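The following exercises are to be worked with the sequence and the model at hand. Each task is followed by a solution in steps.

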Amino acid sequence: MNKKRLLVLVLSIAAIITLALLPLVITSDSTINLVILVLLYMALASSWNILGGYTGQTNLGHAAFFGTGSLITRLLWIGGMPFFGAFLLGGLGAVALAMLIGVPAFKLRGVYFAIGTLALAQILNLTVSNIFPEMSFNPNITDYQLLPRYYLFLALTVGTICVAYLLVNSKWGLGMMAVREGEDAAESLGISALRHKLLALAASAFLAGLVGGAFAYYHVSYYLNMPFGPEWTFDPMMMAYIGGTGTIIGPIIGSIFFVGLKQLLVWNVGEYHLIIFGTLFILIVLFLPGGLVELWKKTQSYLRRGPGQRKKKATVQVA
Amino acid sequence: MLTPLAQTLVFGILVGALYGLVALGLSLVFGVTKLLNVAHGELLMIGGFASFWAFSLLGINPYLTIPISMVVLFLLGAVLYKLIFSRTVKLPEESKIKNTLLVAFGLSIILQNLALKFWTADERAISTPILRTAIKVAGIRLPYARLANLLIAVFFLVVLQLFLRKTYIGKAIRATVQNWEAASLMGINIQRVYLLAFAIGASLAGVAGTLVAINFSIQPNMGLTWTLKALIVMVLGGLGSIPGTFIGGLVLGLTESATSFFINSNYREIAGLVLFLLVLIFRPQGLMGAKET
């Protein structure tokens, strides 16, 4: 177990170093943009996973938090505030919004939180497009540089995954998983379901808000309501499911898979990758709730054990 | 001042009847099977397209395309239930709702992108000269197309109620709602009841789709808007209550038209959603209180 953990640590550090050195090797902007997209989805899917995967609360309005972060950051930053201040306030704004909806919605069980967040995201989407109908332009377009954006996303994604990892491996994380497995049982053991759900929501919304802030920093021009669109909820949610919810690696695999599939099928007109991805998502929810991670584990244990019972006995004897 | 206000309220009621019809199928399916089919808006979209093509290619009268879209959606609903939703029936209720919610989202993405591929993103509508004319009563305009909404919505509401109260299958459905285990012990085939309820719910989405194509317009990614409207109406009326659904539709229609009148028509949809959130938070059993169907 310890050896395995060391291996994972070494591999993660190697991956981070490779990504950090990547711009020295690759100079094409389009490749860097592609990597940024993967990093963005990784962070967003991982942030969704804290609440949706580990705590078992289906959030259908993640776009509300992503959008709020991007809106606050964009307005403050374009308005003249130093970027990092605006960035942080964007994340905090998303948390404030999350608490506003979370406290009442979590008092109700099950489906209410899901449809409540869905409505919330749509309310913000429509309101923002009413208030700011025009496209937002970055005035300092002449000194736009891609590399700082790339490193911001890299740091943010690594940070998000680390926060998720530390959180779910803490005492609070165990409580969150206990709430997911059975609220009544958790409550009877003295775990406050409401408090754990709110903590997971706050962490999830804060990280999503920061990703939104990075998005606002990255894009030269976009409609301000664009980050509130439903695809910013559903795409990361599907990535987390396809990779494997309730695992750290799941959303990472899911987002690489999603962007890869999108790139492969981009030659055709239309959104074929979404048809394939939607189908895969349904199959996984119905038949393989652990996602690709579970598939990998099953294959692995199947290979180790060998196809038949007899063989298993034989290997045990040899060992 | 008074006539425009009266006009607004009348319009709200006429549109609200359509909203009630939009939610009727969703409410039936949720009430019977406890499946929350958030692909309802996409089913409605397909019903709208079925009517649109029957009208524009075959030249059938817009209102006579209703049976066509009903049959198409009944079959589609049956297939989707058999293929996908039947697999979630055995789960305990809470994880069943969650899983069907997720599965239905996947389905809505698939249907939306298939529709985009086959029918392009163009906005379409069914329109004939007579649909655009109106009669005037006491200074209030009553367009024929809007009056037809009310008639058709009431018609389907009454037919559905009679079907549930008087027929053998309807009674089986109600028995299943009350207690599916007892119903199944009495020899009712639960899977068949669920299949039927889902297919009937889908065909009601088909009717609503036809009316949306006549009154507004249709487009492949219209689904989410209409799913949300149906959810709002369903929550306003009390989850799974069929008469409540109709009243919920009227409440939403009136809220929207009052918002257009007093504030701005851009905020129409937002008002409905805010009302929805408030009801979810303060009165989750719905405005009417959920009594059994």
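**Exercise 1.** Determine which residues Asn130(A) touches, leaving aside residues up to four places away in sequence.

*Solution.* In this predicted model, the residues touched are Asn266(B), Tyr267(B) and Ile270(B). As to its place in chain A, Asn130(A) belongs to helix α5, which covers residues 111–131.

**Exercise 2.** Classify Asn130(A) as buried, partly exposed or exposed.

*Solution.* Step one: the relative accessible area of Asn130(A) is 22%. Step two: buried requires a value under 20%, and exposed a value over 50%. Step three: Asn130(A) is therefore partly exposed. For the chain as a whole, 51% of the 319 residues of chain A count as buried.

**Exercise 3.** Assess how compact chain A is against the globule rule.

*Solution.* Begin with the secondary structure: chain A has 14 helices and 2 strands. Its radius of gyration is 21 Å, and the globule rule gives 20 Å for 319 residues; the two are close, so chain A is as compact as a globular protein of that length. Next, consider the contacts in chain A with a separation of 6 or more: 78% of them join residues 24 or more positions apart.

**Exercise 4.** State where in chain A pLDDT stays under 50, and how many contacts beyond four places in sequence the model has there.

*Solution.* Start from the average: chain A has a mean pLDDT of 87, and 92% of the residues score at least 70. The stretch in question is residues 310–319 of chain A, for which the model has 2 such contacts.

Definitions and conventions:
Residues numbered from 1 in each chain as written. Chains lettered and ligands numbered in written order. Predicted model: local features only at pLDDT ≥ 70, side-chain atom pairs only at ≥ 80, totals over all residues. Heavy atoms only, no water. Helix = DSSP H or I, 4+ residues; strand = E, 2+ residues; numbered from the N terminus. Rg over C-alpha atoms; globule rule 2.2 N^0.38 Å. Buried < 20%, exposed > 50% of the residue type's maximum accessible area, 1.4 Å probe, protein only. Contact = heavy atoms within 4.5 Å. pLDDT = per-residue confidence, 0-100.
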